[in-house]
Amino acid sequence: MSFRAGRPINLIFIILLIFLGIVLLYGQQTSTKHTSEDGILGLRPNVPLFNRWSSCMAERVFNETDHKIFWAKFQIWTDECDGKAEIDQLNLVPLQNSDETKYGLLPVESDPLGSASNLVTLGIGKDIDAELLYKQKMNEIGRNISFYGADPITEINADLYAKIGKYFPFAVGSDAGYSTASVYVNGTYLNRDVVHVDLIYFFDRILKIKTFDNIWLDAEGAEYPLFDIFHKTGRLERKGIRFCQMSLEVHSPSEPQQIQFMELIKTIIKEFRFGIHKNRLVGHMRMYLFNFGDSYCVRKFLKRNLYELISKEDREEMEEEFEENLISKN
């Protein structure tokens, strides 16, 4: 009688032991996974080709103080340094639209960060050929991409961009308000009164996105007040917002704006985060930037043989050494 009564108790005890073992095993695996991932996230990228590019650019930009010469020679310098650093190893994809070629990187096959990506177009200009081509390239490698576009001219832009993503009928600038802006209408640039929204508000409160894989910024001259977004202490950084790639147009500057451009480039080189490649001076400057200082961006878009992950302390030491070399040479 006692033996028969004990069998259910023994069976329950065995089931409980098995369940406890499964829980402990799963917890250990999860803990190991999190520890491993946390360890990776605590590391910083070191990209040798970017280091070579930065040193090459530093020799040129910090030896020039004339803003007119600086503007005129910038494409020459970047072409030279792109070649010396062998930037073609990045496998930048050309993306042609009706009047220009943009560039972009696709996520690498071994991307450990998921297949979803985003692209924000600030200034659509009634042309989404490059966006469509990028979408096609992404689909070919089995990746998803979400598009967000803003332009104050709703005619054509609204219907056109709605084919690929979410359209917003306003300009995006350094602050919010209502002002006169240069806009592209019927093949020419005209001054129009437009509503514009603060860039940080747009990213943080409307889109609610903290990491942007691609930003295409063509603000028709309104980009100059936005230059602080490239700084380590700028508004994006303070809000915890980052971007990996940017196609940027800097429009034909006045003399004070040429000075502002020169100061921006020198700051970017000194801060040792962004590379500026494939630049073209066509009256205005068409530029491509990549964030080599961010581990998310590097791991998602660069082949594994192009970088190593080092400690935060080692990365900071590299940056300090780079800055010390700039000071000693200049």
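Let's start with Ser 146, which is partly exposed, at a relative accessible area of 35%. You'll find Ser 146 in strand β5. And keep in mind as we go that this is a predicted model. What does Ser 146 touch, once we leave aside its neighbours within four places in sequence? The answer is Ser 117, Asn 118 and Leu 119. If you'd like a distance to check on your screen, try Ile 164: the C-alpha atoms of Ser 146 and Ile 164 are 8.0 Å apart, with the two positions 18 residues apart in sequence numbering.

Now step back along the chain to Ile 141. This residue sits in the loop that links α4, residues 129–140, to β5, residues 144–150. Ile 141 is partly exposed too, with a relative accessible area of 37%. Its contacts, again leaving out neighbours within four places in sequence, are Leu 106 and Pro 107. Leu 106 is 35 residues away from Ile 141 in sequence, and the C-alpha to C-alpha distance is 8.7 Å.

Okay, let's zoom out for a moment. The protein chain has 330 residues, and 47% of them are buried. In secondary structure, we have 10 helices and 14 strands. If you take the contacts between residues at least 6 apart in sequence, 72% of them join residues at least 24 apart. As for the outside, the chain has an accessible surface of about 16900 Å², and carbon and sulfur atoms account for 54% of that.

On to the inside. The largest nonpolar core holds 88 residues, and the members touching the most other members are Phe 74, Leu 122, Phe 202, Phe 203, Phe 230, Met 287 and Phe 290. Which helix gives this core its largest share? That's α2, residues 48–61, with seven residues.

Take Leu 122 from that list and look around it. Beyond its neighbours within four places in sequence, Leu 122 is in contact with Phe 202 and Phe 203, which we just met, and also with Ala 150, Val 172 and Leu 199. The remaining contacts of Leu 122 form a run: Ile 215, Trp 216, Leu 217, Asp 218 and Ala 219.

Let's go back to α2 and see how it packs. Against α3, which is residues 67–85, the angle is about 150° and the axes are 9 Å apart. Angles over 145 degrees count as roughly antiparallel, so that is what α2 is with respect to α3. From the α2 side, the contact uses Leu 49, Arg 52, Trp 53, Cys 56, Met 57, Arg 60 and Val 61. From α3 come, among them, Phe 70, Phe 74, Trp 77, Thr 78 and Cys 81. The crossing of this pair is right-handed.

The other partner to look at is α10, residues 312–329. Here the axes of α2 and α10 come within 11 Å and cross at roughly 20°. Is α2 roughly parallel or roughly antiparallel to α10? At that angle, α2 is roughly parallel to α10. This crossing is right-handed as well. On α2, the residues involved are Asn 51, Ser 54, Ser 55, Ala 58 and Glu 59. They meet Met 318, Phe 322, Leu 326 and Lys 329 of α10.

Helix α3 also packs against α8, residues 255–271, at about 65° and with 9 Å between the axes. That crossing is left-handed. Please spot Phe 74 again: this core residue is on the α3 side of the contact, along with His 67, Lys 68, Phe 70 and Trp 71. On α8, the contact residues include Gln 258, Ile 259, Phe 261, Met 262 and Ile 265.

Last stop, two backbone oddities. Most residues other than glycine have a negative phi. Where does Glu 86 lie? You'll see it in the loop between α3 and β2, which is residues 93–96. Glu 86 is not a glycine, yet its phi is positive, at about 55°. Its relative accessible area is 47%, so Glu 86 is partly exposed.

Lys 208 also has a positive phi, near 55°, and is likewise a residue other than glycine. Its loop runs between α6, residues 199–207, and β10, residues 211–217. Is Lys 208 buried or exposed? With a relative accessible area of 64%, Lys 208 is exposed. Thanks, everyone!

Terms used
Residues numbered from 1 in each chain as written. Predicted model: local features only at pLDDT ≥ 70, side-chain atom pairs only at ≥ 80, totals over all residues. Heavy atoms only, no water. Core = buried A, V, L, I, M, F, W, Y, C linked by side-chain atoms within 4.5 Å. Buried < 20%, exposed > 50% of the residue type's maximum accessible area, 1.4 Å probe, protein only. Helix = DSSP H or I, 4+ residues; strand = E, 2+ residues; numbered from the N terminus. Contact = heavy atoms within 4.5 Å. Areas by Shrake-Rupley, 256 points an atom, 1.4 Å probe, with all protein chains shown as cover. Axes fitted to C-alpha atoms, helices over the stretch in contact; angles between N-to-C directions. Parallel < 35°, antiparallel > 145°, perpendicular 65-115°, else oblique. Left-handed = near helix turned anticlockwise from the far one by under 90°.
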